[in-house]
Amino acid sequence: MTSGRRALTALHLLLVWAMTAAAVPVLGFGLVMAAWGGGEGATAPVLLLGVPLTVGLLATAGTPVRTVVPLCGSVPQRLGWALSVFVLGTLGVLAGLAAYHGGVDLGGARTRIALTGAPYAVAAAFFVPNRWVRLGALTVLAAGAVYGGLVGPAQAEQRRLEAEVARYREHAELLYLGAAPPGMQLSRAEAGPASFSVDYRGVREDVFSYVALTVRSPLTPAPRCPDLREKGVTCAVDAHGEMRMVRDLPSGERAVTLVRRHRKAEAEVTSQTLGEPGLRRLLNSLHPLSDEELEKLLRDKKINRAF
């Protein structure tokens, strides 16, 4: 391809991009306003008017390259070429809209308007009988597919996770996690405005084991036994301020509850399957919930907010 033909091809693709970047957003805005004002039936006149006008503009962009693009050699051929570019480019725009509504970042309003013309320019490039132009178009198409299908969604998911983490951090003073007891794993967690609860259950489904951890804002200056206790309930507070409550269950088992202060919060663990040593180890292992742990809980859908 000579320098003159290269310049003509570049001008051709620039015209296609500029015309569609200007016309297609106007057409889309007209469709939205028509649908909003009169329902889906009101969009037909906009399409009947807007599509032929856009195709006509594209045909005009094909006029300077009659000697470069074979399909632009005559008026009927240019109209067929323009219609093909419009259909292919519109498919690219629809794919971009789907990615954008899926959370993929496509920049600000001006950038998105400029990007609207890109699929039409890429489609027009495939009709240029030059392997380097087509290779460039294929490269742009592949880059757009990778970003819209892989990179962009991954970035959108990361931004969503970061936003969720920020919302959970509104009550960071309650977000504490303990190491799961042997043979158990974190089952679910729930964050509320005044408490953070975690359930641990057995790894094996055929063996029942359960521990409940609750970290809450302190209700009293120091843990203390309730004034009124049910029958079969014993309670005591040791010299370190840790409260121990044992409840006899009808099944003959005992449910043990330990409560202690942890920094500015109050931590409580309860279980009828794990003994006091295991409950104390869980309390001793309490640590602030890290961003990595919180993001993993969010990805695994094991945590929710109650506020």
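## A tour of two pockets and a sheet

Select helix α3 to begin: with 13 residues, α3 gives the most to the lining of the largest pocket. Keep in mind throughout that this is a predicted model.

**Stop 1: the largest pocket**

Stay with this pocket. Its volume is about 1,300 Å³. Now colour G92, V93, L94, G96 and L97. Among the 38 lining residues, these five are the closest to the pocket's centre.

Which helices should you show around it, each supplying at least two residues of the lining? Select α1 (3–38), α3 (75–101), α4 (109–116), α5 (118–125) and α6 (131–168).

Next, colour the lining by class. You should find 28 nonpolar residues, nine polar ones and one charged one.

**Stop 2: the second largest pocket**

Move on to the second largest pocket, with a volume of about 210 Å³. Select L177, L186, E293, K296 and L297. Of the 13 residues in this lining, they are the closest to the centre.

Show β2 (184–191) and α8 as cartoons. Each of the two supplies at least two lining residues. Helix α8 provides the largest share, three residues.

Colour by class again. This lining has six nonpolar, three polar and four charged residues.

**Stop 3: along helix α8**

Select residues 291–299, which make up helix α8. Pick L297, a residue of this helix. Is L297 buried or exposed? L297 has a relative accessibility of 8%, so it counts as buried; the cut-off for buried is under 20%.

Show the residues around L297. Beyond its neighbours within four places in sequence, L297 is in contact with L186, L289, K302 and I303. L186 should look familiar: L186 and L297 are both among the residues closest to the centre of the second largest pocket.

Try a distance too. From L297 to G152, C-alpha to C-alpha, is 22 Å in space. In sequence, the two are 145 residues apart.

Now click E295, also in α8. E295 counts as buried because its relative accessibility is 15%. Which residues does E295 touch, leaving out those up to four places away in sequence? They are Q158, L161 and V165.

**Stop 4: across to helix α6**

Select E164, which sits in helix α6. With 14% relative accessibility, E164 counts as buried. Show its contacts as sticks: E164 touches L298 and R305, with residues up to four places away in sequence left out. Helix α6 was also a stop at the largest pocket, where it supplies at least two lining residues.

**Stop 5: the sheet**

Hide the helices and show the strands. Eight strands form an open sheet. Follow them in order: β5-β6-β7-β8-β4-β3-β2-β10. The pairing is mixed.

Look at the two ends of that order. β5 (233–237) and β10 (303–305) are the edge strands, each with a single partner, so one side of each has no neighbour in the sheet. From one strand to the next, the twist averages 15 degrees.

Which strands does helix α7 (residues 276–284) touch as it packs on the sheet? Bring α7 back and check: it touches β3, β4, β6 (243–248), β7 and β8. Its direction makes about 25 degrees with that of β7.

**Stop 6: strand β8 and its partners**

Select strand β8, residues 265–271. Five of its seven residues are buried, so the rest of the structure largely encloses this strand.

Add β7 (residues 254–262). β7 and β8 run antiparallel, joined by seven bridges. Find L258, which stands opposite V269 in β8. Then look at the turn. β7 and β8 form a hairpin with two residues between them. R263, in that turn, has a positive phi of about 55 degrees.

Add β4 (residues 210–216). Six bridges join β4 to β8, and these two strands also run antiparallel. Select R216 and look in β8 for its bridge partner, E266.

**Last stop: β2 and β3**

Return to β2, a strand that helps line the second largest pocket. Add strand β3 (residues 195–202). The two pair in the antiparallel sense over seven bridges. Pick A189 to finish: V198 in β3 stands opposite.

Conventions: Residues numbered from 1 in each chain as written. Predicted model: local features only at pLDDT ≥ 70, side-chain atom pairs only at ≥ 80, totals over all residues. Heavy atoms only, no water. Helix = DSSP H or I, 4+ residues; strand = E, 2+ residues; numbered from the N terminus. Buried < 20%, exposed > 50% of the residue type's maximum accessible area, 1.4 Å probe, protein only. Contact = heavy atoms within 4.5 Å. 1 Å grid on protein atoms, 1.4 Å probe; cavity = no way out; pocket = protein on both sides within 12 Å on 5 of 7 lines; lining within 4 Å. Points joined across faces, edges and corners; volume = space filled by probe spheres on them. Nonpolar A, V, L, I, M, F, W, Y, C, P; charged D, E, K, R; others polar. Pairing = 2+ DSSP bridges. Axes fitted to C-alpha atoms, helices over the stretch in contact; angles between N-to-C directions.
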